[in-house]
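Reader: I am new to reading protein models, and I would like to go through this one with you step by step. Could we take the helix contacts and then the empty spaces?

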Amino acid sequence: MLNELLNRYPQLSECQNELKKATTAMIDCYKKGGKILLCGNGGSCSDCDHIVGELMKGFLKKRPLSTEQKAKMTSLSPLLEEETLSKLQCGLPAIALPSIAALNSAFCNDVDPELIFAQSVLSLGKNGDVLIAMSTSGNAKNVFAAAKVAKGLGLTVISLTGKGGSKLSEIADICIRVPETETFKVQELHLPVYHYLCAATEEEFFKN
């Protein structure tokens with residue numbers, strides 16, 4: 001799967017070690033019962049929602065509920081029908097922090113707009129979770145603040161940025177720096193990167 005990515009986007013070859021580390025971190029998080037939090041602004045905000053969509057339902061696989069899952073659920077909720085259960089798909093828990101609109105707008109208005117994502121990380125993050133911090137420059141103040149709080153809570157921080165050093169590259173446990181500097185070009189490479197991360201993580205948990 002990684003070879004396919006690098007064949008299609010050879011410029012990402014310089015990121016392959018970080019891609020492997022990020023995949024391992026995401027898989028380890030889920031194996032330990034954790035979740036993934038995501039934050040970013042603008043196009044990266046949309047990318048956060050996109051990633052959640054790939055993790056919380058079938059991406060490349062169907063992810064049907066197992067017979068055991070169905071039996072347990074119907075034992076607790078006898079009104080559940082097979083028609084419903086057969087349509088549901090197993091998800092990998094992930095939360096796009098920019099989508100918590102009421103909290104974000106209230107905190108932005110009442111306290112400090114630079115700390116909107118940091119507040120969500122503080123409220124939702126647990127030791128062993130992962131924060132995916134997205135910033136094309138790597139210097140978005142609200143994303144960096146979230147990363148600092150995440151580190152303080154024991155989360156693993158994976159950052160997706162552009163080329164070169166940045167605040168996020170200095171603090172992140174794993175920093176995937178795609179080899180572009182212009183915002184739209186960085187975003188164009190972030191998409192195949194996170195598609196790979198989602199696909200590789202899905203493959204680990206849903207073999208069929």
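Reader: How do the axes of helix H3 and H10 run relative to each other, roughly parallel or oblique?

Author: In this predicted model, the axes of helix H3, which covers residues 43–56, and H10 come within 10 Å and cross at roughly 20°. Angles under 35 degrees count as roughly parallel. The crossing angle therefore makes H3, relative to H10, roughly parallel.

Reader: Which residues of H10 take part in the contact with H3, and into which classes do the residues of that contact divide?

Author: On the H3 side, the contact involves Gly 43, Ser 44, Asp 47, His 50, Ile 51, Glu 54 and Leu 55, and these meet Gln 187, Leu 191, Tyr 194, His 195 and Cys 198 in H10. Sorted by class, the residues of the contact of H3 with H10 are five nonpolar, five polar and two charged.

Reader: What is the handedness of the crossing where H3 passes H10, left-handed or right-handed?

Author: The angle of this crossing is roughly 20°, and the handedness is a separate description of how one helix passes the other. For H3 passing H10, the crossing is right-handed.

Reader: What does the crossing angle of H6 and H7 make of H6 relative to H7, roughly perpendicular or oblique?

Author: Helix H6 spans residues 101–110 and helix H7 spans residues 116–124, and their axes come within 9 Å and cross at roughly 125°. Roughly perpendicular is kept for 65 to 115 degrees and roughly antiparallel for angles over 145. The crossing angle therefore makes H6, relative to H7, oblique.

Reader: Which residues of H6 and H7 make their contact, and how many of the residues in it are charged?

Author: H6 contributes Leu 103, Asn 104, Phe 107 and Cys 108, while H7 contributes Ile 116, Phe 117, Gln 119 and Ser 120. Of the residues in this contact of H6 with H7, five are nonpolar and three are polar, and the number that are charged is no residue at all.

Reader: How does H7 lie relative to H8, roughly parallel or roughly antiparallel?

Author: The axes of H7 and helix H8, which covers residues 141–153, come within 7 Å and cross at roughly 20°. Because this angle is under 35 degrees, H7 lies, relative to H8, roughly parallel.

Reader: How many residues of the contact of H7 with H8 are nonpolar?

Author: From H7 the contact includes Ile 116, Phe 117, Ala 118, Val 121 and Leu 122, and from H8 it includes Asn 142, Val 143, Ala 145, Ala 146, Val 149, Ala 150 and Leu 153. In this contact of H7 with H8, one residue is polar and no residue is charged, whereas the number of nonpolar residues is eleven.

Reader: Which helix gives the most to the lining of the largest cavity?

Author: The largest cavity has a volume of about 30 Å³, and Met 26, Ile 51, Ile 132, Leu 160, Tyr 194, Leu 197 and Cys 198 line it. By class, this lining of the largest cavity has seven nonpolar residues, no polar and no charged. The helix that gives the most to the lining, with three residues, is H10.

Reader: Which helix supplies the largest share of the lining of the largest pocket?

Author: The largest pocket has a volume of about 220 Å³, and the residues that line it include Met 1, Glu 4, Arg 8, Phe 59, Leu 191 and His 195. Its lining has nine nonpolar, one polar and two charged residues. Helix H1 and H10 each supply at least two residues of the lining, and the largest share, five residues, comes from H10.

Notes. Residues are numbered from 1 along each chain as its sequence is written. This is a predicted model: local features need pLDDT of at least 70, side-chain atom pairs count only at pLDDT 80 or more; totals for chains, interfaces and linings use all residues. Side-chain values use heavy atoms; hydrogens and water are left out. Axes are lines fitted to C-alpha atoms, for helices over the stretch in contact, and angles run from 0 to 180 degrees between N-to-C directions. Helices (H or I, at least four residues) and strands (E, at least two) are DSSP runs, numbered from the N terminus. Contact means heavy atoms within 4.5 Å. Ala, Val, Leu, Ile, Met, Phe, Trp, Tyr, Cys and Pro count as nonpolar, Asp, Glu, Lys and Arg as charged, and the others, Gly among them, as polar. On a 1 Å grid over the protein atoms alone, a cavity is a set of points where a 1.4 Å probe fits but cannot get out, and a pocket is an open set with protein on both sides within 12 Å along at least five of seven lines; lining residues have an atom within 4 Å of a point. Grid points are joined across faces, edges and corners, and a volume is the space filled by probe spheres set on the points. A crossing is left-handed if the near helix is turned anticlockwise from the far one by less than a right angle, and right-handed if clockwise.
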